[in-house]
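This briefing goes through the sheets, a surface patch and the aromatic rings of one protein model. Keep the sequence and the 3D view open while reading.

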Amino acid sequence: TRLRVSKAVSVSLAAGRAVRLPTFLELFGDRAFFRPNLTLKPESAWTLEAGVRAAGRVRQLELGFETHGFFRRIDDLIDINREGPMLRARNVGAAQSLGVELEGRLSFRDFVAARLAYTFLDARDQSLIESRSGRLLPSRPPHSVALRIDGGYRGLRLGYELDYVARLFLDPANLQPRPARTLHAVRLDAESSPSR
């Protein structure tokens with residue numbers, strides 16, 4: 001459901017139950033990097049999402065903001081785990097995820113544009129196995145940030161990107177942490193005007 005509150009603001013709400021079948025790769029593997037698991041069950045989830053979107057213009061400055069919150073209660077979650085040098089899909093059992101996504105956008109004519117996105121995710125194992133119950137699900141960072149800025153004049157454009165992912169765990173018992181990482185990228189594009 002989407003409700004337009006005003007010309008610039010809209011609100012959305014969604015709820016439902018979804019089912020995901022195991023993929024061919026998860027079931028049968030690839031004989032190289034992925035082990036087969038023919039015992040996989042489909043995963044299903046109850047989902048509730050709510051969001052707000054706003055956009056406006058002040059003279060030549062365009063602004064936008066969007067936020068979404070979500071809650072999922074998952075049964076027979078299919079998760080990918082590392083077993084030595086190979087990967088294998090397995091059913092976790094019950095799991096729960098709660099999160100928020102925020103995004104802001106800004107642009108001024110063709111000179112500069114910026115986008116900032118942040119995600120918070122709390123995804124936890126809710127199975128009855130003591131070593132995993134209540135722990136964070138593997139390979140799901142609790143915080144991530146993405147920033148992109150582009151600017152230019154005439155045929156010259158300069159861009160910067162930042163990608164940050166917080167510390168996460170590689171195993172269901174949360175004993176194998178992977179440290180946070182930040183990636184930076186700088187881009188320069190030059191267009192020559194056609195000769196006459």
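Phe28 has a relative accessible area of 43%, so it counts as partly exposed. The model that holds this residue is predicted. The points below begin with Phe28 and its partner ring, then turn to the other aromatic residues, the two sheets and a nonpolar patch.

**Aromatic rings**

- Phe28 forms an aromatic pair with Phe24. The ring centres lie 4.8 Å apart, and the planes meet at 45 degrees, which makes the pair tilted.
- Helix 1 (residues 24-28) contains both Phe24 and Phe28. They are 4 residues apart in that helix, or about one turn.
- Phe24 is exposed, because its relative accessible area is 63% and the cut-off for exposed is over 50%. Phe28, at 43%, is partly exposed.
- In total, the structure has 3 aromatic pairs.
- Phe108, Phe111 and Tyr153 make up one aromatic cluster.

**The sheet of 9 strands**

- Nine strands, that is 9, build an open sheet with antiparallel pairing. Their order across the sheet is 1-2-4-5-8-9-10-11-14.
- Strand 1 (2-4) and strand 14 (181-190) are the edges of this sheet. Each has a single partner strand, so one side of each has no neighbour in the sheet.
- From one strand to the next, the twist averages 10 degrees.
- Inside this order, strand 5 (residues 61-75) pairs with strand 8 (residues 95-108). The pairing is antiparallel and runs over 14 bridges.
- Which residue of strand 8 stands opposite Gly69? The residue is Val100.

**The sheet of 3 strands**

- Another open sheet consists of 3 strands in the order 3-7-6, and its pairing is mixed.
- Strand 3 (34-35) and strand 6 (78-83) are its edge strands, and each pairs on one side only.
- Strand 6 is joined to strand 7 (residues 86-91) by antiparallel pairing over 6 bridges.
- Asn81 has Arg88 of strand 7 opposite it.

**A nonpolar surface patch**

- Leu3, Val5, Val11 and Val52 make a nonpolar patch of about 320 Å² on the surface.
- One of these residues, Leu3, belongs to strand 1, which is an edge strand of the sheet of 9 strands.
- Is Leu3 buried or exposed? Its relative accessible area is 55%. The cut-off for exposed is over 50%, so Leu3 is exposed.

Terms used:
Residues are numbered from 1 along each chain as its sequence is written. This is a predicted model: local features need pLDDT of at least 70, side-chain atom pairs count only at pLDDT 80 or more; totals for chains, interfaces and linings use all residues. Side-chain values use heavy atoms; hydrogens and water are left out. Two strands pair if DSSP finds at least two bridges between them. Helices (H or I, at least four residues) and strands (E, at least two) are DSSP runs, numbered from the N terminus. Axes are lines fitted to C-alpha atoms, for helices over the stretch in contact, and angles run from 0 to 180 degrees between N-to-C directions. Patches are made of residues with over 30% relative accessible area and no salt bridge: like charges are joined within 9 Å, nonpolar side chains (Val, Leu, Ile, Met, Phe, Trp, Tyr) within 5 Å. Accessible areas come from the Shrake-Rupley method with a 1.4 Å probe; for residues, only the protein chains shown count as cover. A salt bridge is a side-chain nitrogen of Lys or Arg within 4 Å of a carboxyl oxygen of Asp or Glu. Buried means under 20% relative accessible area, exposed over 50%, partly exposed in between (1.4 Å probe, protein chains only). Rings of Phe, Tyr and Trp (its six-membered ring) pair if their centres lie within 6.5 Å; planes under 30 degrees apart count as stacked, over 60 as edge-to-face and the rest as tilted.
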